[in-house]
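Reader: I am new to this structure and would like to be walked through its interior, its rings and its empty space. Could we take these one topic at a time?

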Amino acid sequence: MTGENEKTTMLQGRGISKYYGAKQQRRQVLHDVDIDVRSGECLAVIGGSGSGKTTLTRVLLGLEHAETGEITYFGKPVQGEVAGELRRSCGLVFQSPFGSLDPRWRVGRSVAEPLRLHHPDWSQERIAERVSEAFRMVSLDPAHMKSVPVDLSGGQAQRVAIARAIADHPKVLLADEPMSAVDVAARTQILASFAAIRSGEPDMALIMVSHDLGVVQHIADRIMVLHDGCVEECGLTETVLHHPTSDYTKRLLDAASL
């Protein structure tokens, strides 16, 4: 794992606050949050349901707007062309692979689609070669490219979704609860896939959103703990796991399968 100060800060958020609703229903879901994402590291954003972790990462990547705060990408404010560059540089993996894959398409087509959109000048052969590489990186036989999602297990479908997210060599990969909908054996395979991706893409930043410290301990360089939209603590994985400063983190550790 990387040291805390060895990598370049890629994404940075300062003073992020976010509200949902209007008038009497208006509620604050993020409270003055600071966050740093560094090249080549895995940052795990941990917290229970409703803690704000998904909202924070969506705001960070420009997918939602924050009421206060500033977000920069390689030191430039995320707006206009920089916002577009950031979106093009991101790969996204969600909780439910079957919800994110078109049930009518063969999965090879789903993985190839970002390449067709971003590289209209690429030949079919070049696209097929990159799709095969992405399948192998997540330990799936390229023969699975001919399958439709219903033919796959949950773990296989999630690895297809990961292959699609990495097909165009993203600079930032966001994985939002990618293992919560699969069984224990599939979690092991998915963790191995993320490890292989990090090895093959050493400058890529991985943001892993999870409620489970037991899952992220194997891959995260740093952990940020959120609770009710506030940062409870943030530090190197070893420090947070073995020397937590927050009572909330201690409760998460007690509940985790470490």
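Author: Let us begin with helix α4, keeping in mind that this is a predicted model. What covers the buried residues of α4 includes α5 (124-137) and α6.

Reader: Which residues of helix α4 are buried?

Author: Helix α4 spans residues 107-118. An α-helix has 3.6 residues a turn, so residues three or four places apart point the same way. In α4 the buried residues are Val 107, Gly 108, Ser 110, Val 111, Ala 112, Pro 114 and Leu 115.

Reader: Which helix gives the largest share of the largest nonpolar core?

Author: In soluble globular proteins, nonpolar side chains tend to be buried together. Here the largest nonpolar core holds 49 residues, and those that touch the most other members are Phe 194, Leu 206, Met 208, Leu 213, Val 216 and Ile 223. The largest share of this core, 6 residues, comes from residues 154-166, which form helix α6.

Reader: How many residues are in the second, separate core?

Author: Among the members of this second core are Val 29 and Leu 30, together with Leu 43 and Ile 71. The core is separate from the largest one, and its size is 27 residues.

Reader: Which residues form the aromatic pair, and is each of them buried or partly exposed?

Author: A search of the whole structure finds 1 aromatic pair, formed by Tyr 73 and Phe 74 with 4.9 Å centre to centre and 55° between the planes, an arrangement that counts as tilted. Because buried means under 20% relative accessible area, Tyr 73 at 2% is buried. Phe 74, at 37% relative accessibility, counts as partly exposed. The answer is therefore Tyr 73, buried, and Phe 74, partly exposed.

Reader: Over which ring does the charged end of Arg 109 sit?

Author: Two such arrangements can be described, and in one of them the charged end of Arg 26 sits over the ring of Tyr 19, 4.2 Å from its centre. In the other, the charged end of Arg 109 lies 3.7 Å from the centre of the ring it sits over, which belongs to Trp 105.

Reader: Which element gives the most to the lining of the largest cavity?

Author: A search of the whole structure finds 1 cavity of 30 Å³ or more, and the largest cavity has a volume of about 40 Å³. Its lining is made up of Thr 54, Thr 57, Arg 58, Leu 63, Phe 94, Leu 174 and Asp 176. The elements that give two or more residues to this lining are α1 (53-60) and β7 (172-176). With 3 residues, the element that gives the most is α1.

Conventions
Residues are numbered from 1 along each chain as its sequence is written. This is a predicted model: local features need pLDDT of at least 70, side-chain atom pairs count only at pLDDT 80 or more; totals for chains, interfaces and linings use all residues. Side-chain values use heavy atoms; hydrogens and water are left out. A nonpolar core is a set of buried Ala, Val, Leu, Ile, Met, Phe, Trp, Tyr and Cys residues joined through side-chain atoms within 4.5 Å. Buried means under 20% relative accessible area, exposed over 50%, partly exposed in between (1.4 Å probe, protein chains only). Helices (H or I, at least four residues) and strands (E, at least two) are DSSP runs, numbered from the N terminus. Contact means heavy atoms within 4.5 Å. Rings of Phe, Tyr and Trp (its six-membered ring) pair if their centres lie within 6.5 Å; planes under 30 degrees apart count as stacked, over 60 as edge-to-face and the rest as tilted. A charge sits over a ring if NZ of Lys or CZ of Arg is within 6 Å of the ring centre and within 35 degrees of the ring normal. On a 1 Å grid over the protein atoms alone, a cavity is a set of points where a 1.4 Å probe fits but cannot get out, and a pocket is an open set with protein on both sides within 12 Å along at least five of seven lines; lining residues have an atom within 4 Å of a point. Grid points are joined across faces, edges and corners, and a volume is the space filled by probe spheres set on the points.
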